[in-house]
There are 2 protein chains.
Amino acid sequence: MDGSKPDRRVRRTRRALQDALIALILEKGYEAVTVQDILDRADVGRSTFYAHFLDKEALLTSQFENLQADFEQHWAQGGHGVGLLAFSLPMFLHAQRYQRVYRAVVGKHSGQLIHQHLESYLMAHVQRQFEQENVGKPVGDIPRDLLAHHIVSSFMSLLIWWLEHGLPHPAERMADLYQRLMRGGVGDLP
Amino acid sequence: MDGSKPDRRVRRTRRALQDALIALILEKGYEAVTVQDILDRADVGRSTFYAHFLDKEALLTSQFENLQADFEQHWAQGGHGVGLLAFSLPMFLHAQRYQRVYRAVVGKHSGQLIHQHLESYLMAHVQRQFEQENVGKPVGDIPRDLLAHHIVSSFMSLLIWWLEHGLPHPAERMADLYQRLMRGGVGDLP
DNA sequence: CTCACTATAGAACACCATGTTCGGAAACGC
DNA sequence: GCGTTTCCGAACATGGTGTTCTATAGTGAG
C-alpha cells in the first residue's frame with residue numbers, strides 16, 4: 001500500500017467532485033446529471049475532472065468503492081453473527097450511518113451499474129457461505145443458484161425500499177424483518 | 001375504442017421501429033441504443049420517428065403497453081387460481097410465450113422506467129388482493145406495505161433471472177419455485 | 001524561504017446525438 | 001383517378017462529451 005497522502009489539491013478536488021455528484025444525484029437522479037453540472041457545483045475546471053476520472057460513471061464507481069472498503073473494515077472487526085444472512089445487520093447499520101451516500105449510490109436514483117456491482121459483491125459472499133457451512137445440505141428442491149439469487153436480490157430491494165422511505169425503522173428491526181421474510185413471511189397465505 | 005385500423009404506412013412504420021428497438025436492446029442494451037441506430041435499422045426517416053413517438057423512451061413504453069394489454073386479455077379469461085400469488089403462473093406463461101420481447105423490455109438490458117411501471121402495476125394488483133381477501137388478518141408482525149413490496153420485487157427479480165438465464169425451467173416450475181420461496185424456502189438455515 | 005514540480009483553470013476544439021422544420025415525393029383509401 | 005395523409009431527406013440549432021494546450025497558482029521537500 002502507498003501510505004503517503006496525495007497532494008492536498010488532489011484531495012480537495014476529488015472530494016469536491018464526489019460531494020457534488022452525491023448532491024446532484026439526490027436532486028435530479030443519476031441519469032440526468034451532466035458532467036457540466038458536476039463541474040459547476042464543485043467549481044472545478046473541465047480538464048481537471050478528466051484528469052481524475054474517466055467519465056461520470058467512474059466517479060460514481062469510486063464512491064461505491066469508498067463505501068465498500070469502509071464496510072469491509074467494519075466487517076473484519078467481527079462481532080456479527082454467523083450464517084447465510086449474517087451480513088444483513090452490519091450492512092443495514094452501515095447504510096444507516098452513511099445514509100446520504102447510500103441513498104445516492106445504492107438507491108433508486110443511481111445507475112444500474114452500481115446495482116450490478118453490489119449484486120455480484122453480495123452474491124460472492126453468499127456463494128462462499130454456501131460452500132463453507134452448507135455442504136451437501138439441499139434446501140427443499142430449490143436450486144442453489146436460484147436461492148442465492150433470491151437471498152441477495154431480496155436484501156437489495158429491501159435496503160433500497162428502506163432508504164427511499166427515509167429509514168422508517170432502525171437497522172436492527174430491518175435485519176429482523178429481512179430474516180423473517182426469508183424464512184417464510186408469507187407462510188399462511190393460500 | 002377506435003376499431004378502424006390506422007393507415008397501412010403507419011402500421012408498417014410503427015412495427016419497424018418497435019422491432020428495431022427490440023433487436024437493438026438485445027444487442028447492446030437500452031442505454032447504448034441511439035435514435036440514429038433505430039432509424040438505420042428500421043430504415044425510417046428521422047422526422048418520421050418523431051412524428052410517432054416523443055423520444056426513445058416513449059417507443060419503449062409503447063412496447064410495454066402492448067405486453068400489458070395482451071396480458072390483461074389472458075388474465076381476464078380466468079382459469080388462474082386465487083390468492084395473493086396467483087398472478088405468477090399466468091405471467092410466467094406470458095413471458096414464456098413472448099420471451100424475446102420480455103427479455104428486451106423487462107430484462108436486464110432495459111431501462112429503469114419500465115421496471116418502475118411493472119412494479120407499480122404488480123403492486124396495485126397485490127394491494128387490491130390484500131384488501132379483498134385478507135381483511136384484518138395480520139401476517140406475523142411484518143408491515144403490510146413492506147410485505148407487498150417484497151412479494152412484488154421478489155417476483156420481478158425471479159422473472160428477470162429466468163429470462164436472463166434463457167428460461168432453464170418451464171413456467172409452471174418457476175411459479176412453483178416462487179411460491180416456495182415466498183412461503184419460507186430459507187427456513188432451515190441458522 | 002526557495003525552487004522544482006505538479007495540479008488546476010480556462011478556453012478552444014472536434015465530435016456526436018438530439019429534436020425541429022419544411023418542401024417535395026410517394027403511398028394510401030375511397 | 002384524386003384528395004389526403006404520411007414519409008423522406010436534408011438542413012439546422014442546441015447541448016453534452018472528451019481532448020488539448022498554455023499560463024498560473026499551489027505544494028512539499030530540502
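This passage describes a predicted model of two protein chains with two DNA strands, beginning with the fold of chain A and ending with two residues of chain B.

Chain A is a good place to start. Its secondary structure consists of nine helices and zero strands, so that, by the definition of these elements, the pattern along the sequence reads α-α-α-α-α-α-α-α-α. The C-alpha atoms of this chain occupy a box of roughly 60 × 40 × 30 Å along the principal axes. Of the 190 residues in chain A, 47% are buried. Among its contacts between residues at least 6 apart in sequence, 67% link residues at least 24 apart.

The domain assignment divides chain A into domain 1, residues 1-53, and domain 2, residues 59-184. The C-alpha centres of these two domains of chain A are 27 Å apart. Where they meet, 14 residues of domain 1 are in contact with 13 residues of domain 2. About 1200 Å² of area is buried between the two domains of chain A, and carbon and sulfur atoms give 72% of it. Three residues stand out on the domain 1 side: A:Gln18, A:Ile22 and A:Leu26 supply 46% of the area that domain 1 buries against domain 2, more than any other three residues.

Attention now turns to the DNA. DNA strand C is surrounded by 19 residues, and the closest are A:Thr13, A:Gly45, A:Ser47, A:His52 and B:Thr34. By class, this surface has four nonpolar, eight polar and seven charged residues. Of the strand C atoms within 4 Å of the protein, 60% belong to sugar or phosphate, and the rest to bases. Several polar contacts can be followed in detail. A:Thr13 places a polar side-chain atom 2.3 Å from a phosphate oxygen of DNA strand C. From the backbone, a polar atom of A:Gly45 is 2.6 Å from a phosphate oxygen of this strand, and an N or O atom of A:Asp43 lies 3.4 Å from a phosphate oxygen. The elements that give two or more residues to the surface near strand C are helix 1 (8-28) and helix 3 (46-52) of chain A, along with helix 1 (8-28), helix 2 (35-42) and helix 3 (46-52) of chain B.

DNA strand D has 20 residues around it, with A:Thr34, B:Thr13, B:Gly45, B:Ser47 and B:His52 the closest. These residues divide into four nonpolar, eight polar and eight charged. Sugar or phosphate accounts for 59% of the strand D atoms within 4 Å of the protein, and bases for the rest. A side-chain N or O atom of A:Thr34 is 2.7 Å from a phosphate oxygen of DNA strand D, while a polar side-chain atom of B:Thr13 lies 2.5 Å from a phosphate oxygen. B:Ser47 reaches a base: a polar atom of its side chain is 2.6 Å from a base oxygen of DNA strand D. Helix 1, helix 2 and helix 3 of chain A, together with helix 1 and helix 3 of chain B, each supply at least two residues of this surface.

Two residues of chain B complete the picture. B:His94 sits in helix 5, residues 88-97, and counts as buried because its relative accessible area is 3%, under 20%. Beyond its neighbours within four places in sequence, B:His94 is in contact with B:Leu67, B:Asp70, B:Phe71, B:His74 and B:Tyr102. B:Arg15, in helix 1 of chain B, is exposed, with a relative accessible area of 55%. Between B:Arg15 and B:Ala42 there are 8.9 Å from C-alpha to C-alpha, and the two are 27 residues apart in sequence.

Definitions and conventions: Residues are numbered from 1 along each chain as its sequence is written. Chains are lettered from A and ligands numbered from 1 in the order in which they are written. This is a predicted model: local features need pLDDT of at least 70, side-chain atom pairs count only at pLDDT 80 or more; totals for chains, interfaces and linings use all residues. Side-chain values use heavy atoms; hydrogens and water are left out. A residue is near a molecule or strand if one of its heavy atoms lies within 4 Å of it. A polar contact is a pair of N or O atoms within 3.5 Å; within protein, one must be able to donate a hydrogen and the other to accept it, and residues adjacent in sequence count only if both atoms are side-chain atoms. Helices (H or I, at least four residues) and strands (E, at least two) are DSSP runs, numbered from the N terminus. Ala, Val, Leu, Ile, Met, Phe, Trp, Tyr, Cys and Pro count as nonpolar, Asp, Glu, Lys and Arg as charged, and the others, Gly among them, as polar. Buried means under 20% relative accessible area, exposed over 50%, partly exposed in between (1.4 Å probe, protein chains only). Contact means heavy atoms within 4.5 Å. Domain bounds come from an automatic or database domain assignment. Buried area is the accessible area (1.4 Å probe) that two parts lose on being put together, summed over both.
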